[in-house]
Amino acid sequence: MDQFFEQIITGLSIGSILLLVALGLSIIYGSMGIINLAHGEFVMLGAYTAWLFQTYFGLGLLASLVPIFIAVAVIGWIIERLVLSLLHNRPLDTILATWGVGIMLQQGIRLMFGSELRYVQMPPSLSDSVDVFGLSVSSYRMFLFIVAIALFAATWFLMNRTTIGMKLRAIMQDRSVAASFGINSRRVYGLTFGYGAGLAGLAGALVSPLKSVSPDMGTGYVIDAFMVVVLGGVQSLGGTVASAFILGELSGGIAFLQNDTVAKALVLIAIVVLIRFRPEGLFTTRVRA
Amino acid sequence: MTSKTSFPTGLPRLGAQIAPILIVCAIVFALPLVLNNDFLLNKVARYLVLGILTVSLALSWGFGGILNLGQAMSFGIGSYAMAMALKLKTIPVHTGSGGLPDFMVWNNVARLPWFWQPFKSLSFALAAGIIVPALVAAALGWFIFRSRVTGVYVSIITLATMVVLNLVIIDQQSFTGGFNGITDLAQLEIFGFAFDAYGRATFYLVASCVALSLLVAFAFTRTKAGLVVQAIRDHEGRVRYFGYDVAAYQIFVFALSAAIAGLAGMLYTIVMEFASPTFLGVQLSLSVVVWCAVGGRQSLVGAFLGAVLVAGMQGALSESAAFLETWTLVMGALFVLVVLFLPKGLAGLTKSAWRWIVRRRLASQGIARGVGQTREGSA
Amino acid sequence: MTTHLDLRDISVSFNGFKALNGLNLSVRKGELRCLIGPNGAGKTTALDIICGKVKPSTGAVTFDGTALQDLEEHEIARAGVGRKFQVPSVFRDLTVAENLEVARARRPGVWANLRWDVRRAGRADIERLAELIGLTEHLERPAAYLSHGQTQWLEIGMLVAQDVELILMDEPTAGMTAQETRKTAELFERLRGKHTLIVVEHDMGFVKAIGDIISVMHMGQLLAEGTAAEVEAHPEVRRAYLGSGGITNA
């Protein structure tokens, strides 16, 4: 029985990492229709920024979270301005442009810092473990879970309860109508992309103590995160959360019984089969075509 | 009505469209006359193979509108099919009892696994290298296109499928050679004719396959089915209301493209003398998309030349490691610029330039009528 | 004549909004039926239901004895239903000739269309059609370069090329000049009899010029049916159009 709960908690932990990475992706895709293939590189940038702060300024991970968010968000904003804003009418091309941007970011980091693995220290205050239902759970993983949920709540609040969120939803409905009511869609798009990138950066910083940091670390994350978005259905933040944890539990469970690779393969097959029956994702409702 | 728009065959400008293909094929076949260096010839053969792979992507992406980010998966399957057959033909020095491949011996595999058995037959392997990728693509396509999944989703699913297959191959080391791939292969021998990776026979084999793929792809785009596929790219929903089963057409072009990529993969094993998980890696898949975009996704010849030239340039610069790293950065930037400002790639640029010249010439003769409005061939 | 197309108790809703609410409609073979009604009456949705773009939540569509409501779009098209959309929907990157060729879909299977001689065979047909829709000069131009009116005609020509029994037209004269509209009316005269047509239209002049029987829709239901004069005199129709200046200005 203990083993079962341990599995559940491992799954939750995988799920919270998935959610952290997928949240920004889901926001950007759901609201701008952009498949951001550079998302993994934003994750990587976040991890490198954490490593930089630690190595050169001796700043701990917790203290550097806010600067990391801002730094990566600014990079994202610049990319939106320079590249993506030119492609508003060509959605399929944004996938290519962001992929190209991703290569440049990855290669830029490789040229600057080399390909060797880097390590980020876990905050000392979170390196012990806590007792949950008689099980000892790493405090850091608990912390990740809480942060993931908190960021989701913040994002939901931002989208549904603030002016900028309302403007964004108006643009999603009809860009030209929104524009005629004086909503500056260029500005809102820039901010949205920046916010999504910032979230990815945070995700990268937060996973950096658990995994090694390298220029190509983003690739794996971005594919997993896309699976979350595909399964959850776009334009459904709640779906993103649910599917992140479903996939987390599934991967955790299969990985325990078999191994990581088998888990990935089976989850992918499950998703492809599922799409056949619910192409719009698990958690979206029918709207007029 | 002048004779300009009524064509006796009903198929306008066949000559104008096929000429670039024939010229390129002629140049490819003539290369050994100029290149008197086996090492160089092998290198060029590699780029030609990558060109075939890029043509396969142009077919599904440029003509079918299906951006397959996992195009290298079919390529990899083809290359493993060839490598498995050639591995089983190696001289006993490298193998265990009963022709068991060396890496299986090291991994304590006692018997040849069932899926390796049929590869004892070379003809099976040759067929499998083309048919298996096509079948895999058709199966994946059935799930994707029957569900009416479109655009970016297709790209994500194809990419993810390739990544997962790549992981599985690395993971199942005892059956696949894992990270190292399948190495130490025998030479391909057909009808007692040996294909040395550095020999001219291999080069001509590759050149013939270049011609074959370009012509098959071209022939397809000229059939009515090819036309329907382009109509689907333009306006998928509309095609349904004419009674076409859109998914069937998409599955077909997806599978055809995979078959050509599989052929390229088999050739790649022959010229490289091994198969590796990197052949179905994200890096290669990405490069193919870049080559295709740079050369011109809606032009078969453009895509082919894009691959050969860009990959060739990269190869020429790869002598220095530092330069290679900068090169990747430059390629990323080049790619972004092409996507932003040159959506039809170099082929599109060439076409516009050509049209401009023709119009200028006609204008100076005072007969500029009509030119530049009619569409040029898309070969 | 017997009933050709029959819609029974069709209802469908989008996010709680009942676009169609128990619609009943029947059309006889060879008829040219005009479908009118105020904005939001459900005219376009009715066409969407027939051609399979939207699936009804209740009700049945029968066409020549075939139940259409459970078929996919391409199966409905193969059963003999063609559709022209409100926003002209042609293949912009293909030439006019290629557009017409795609529309000639007598054998829609993949394998049948891999043969080389398929396209050659249709060329004479296509040139004849191009003449009918006045696009002979433009056969080899990409459809993207056509004017709005020409695009509308191209799509009508594509429906003729498709050669189906039943043609559904959604506002075929929208955005056309008066002269273009007249030309379109002539075109319709040539289709009459060979095909059954259902036309959604706002332009009452055009409706009177071409229509036999007019069906008026309101709030997702059939409100009235009859000749132009009968419909205009109908009290409920007058009430439905009240405030929008009457039926002629709708």
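Right after helix α1(A) comes G33(A), and its phi is positive, near 70 degrees. Helices here are DSSP runs of H or I with at least four residues, strands are runs of E with at least two, and both are numbered from the N terminus. The helix before that glycine, α1 of chain A, covers residues 2–32, which makes 31 residues. From first C-alpha to last it reaches 44 Å, close to the 45 Å expected at 1.5 Å a residue (the expected span is 1.5 Å times one less than the number of residues). Still, α1(A) has a kink of about 35 degrees centred on A22(A); the bend at a residue is the angle between axes fitted to the seven residues ending there and the seven starting there.

A quick word on what you're looking at. This is a predicted model, where local features need pLDDT of at least 70 and side-chain atom pairs count only at pLDDT 80 or more, while totals for chains, interfaces and linings use all residues. Residues are numbered from 1 along each chain as its sequence is written, and chains are lettered from A and ligands numbered from 1 in the order in which they are written.

Now step back to the whole of chain A. It has 11 helices and 2 strands, and from the N terminus on they run α-α-α-α-β-β-α-α-α-α-α-α-α. The radius of gyration of chain A is 19 Å, close to the 19 Å from the globule rule for 289 residues, so the chain is as compact as a globular protein of that length (the radius is taken over C-alpha atoms, and the rule is 2.2 Å times the number of residues to the power 0.38). Along its principal axes, the C-alpha trace of chain A spans about 60 × 50 × 35 Å.

Next, the meeting of chains A and B: 32 residues of chain A are in contact with 34 residues of chain B, contact being C-beta atoms, placed from the backbone, within 7 Å. On the chain A side, the elements giving two or more residues are α4 (91–113), α9 (218–232) and α11 (260–277). The largest share, 15 residues, comes from α4(A).

Finally, turn to chain C. Strand β1 (residues 3–14) and strand β4 (residues 58–63) of chain C pair in the antiparallel sense over 5 bridges; pairing takes at least two bridges found by DSSP. Here L7(C) stands opposite V61(C) in β4(C). β4(C) also runs antiparallel to β5 (residues 66–67) of chain C, joined by 2 bridges, with T62(C) opposite A67(C). β4(C) and β5(C) form a hairpin with 2 residues between them, and D64(C) in the turn has a positive phi of about 50 degrees.

Definitions and conventions:
Contact = placed C-beta atoms within 7 Å.
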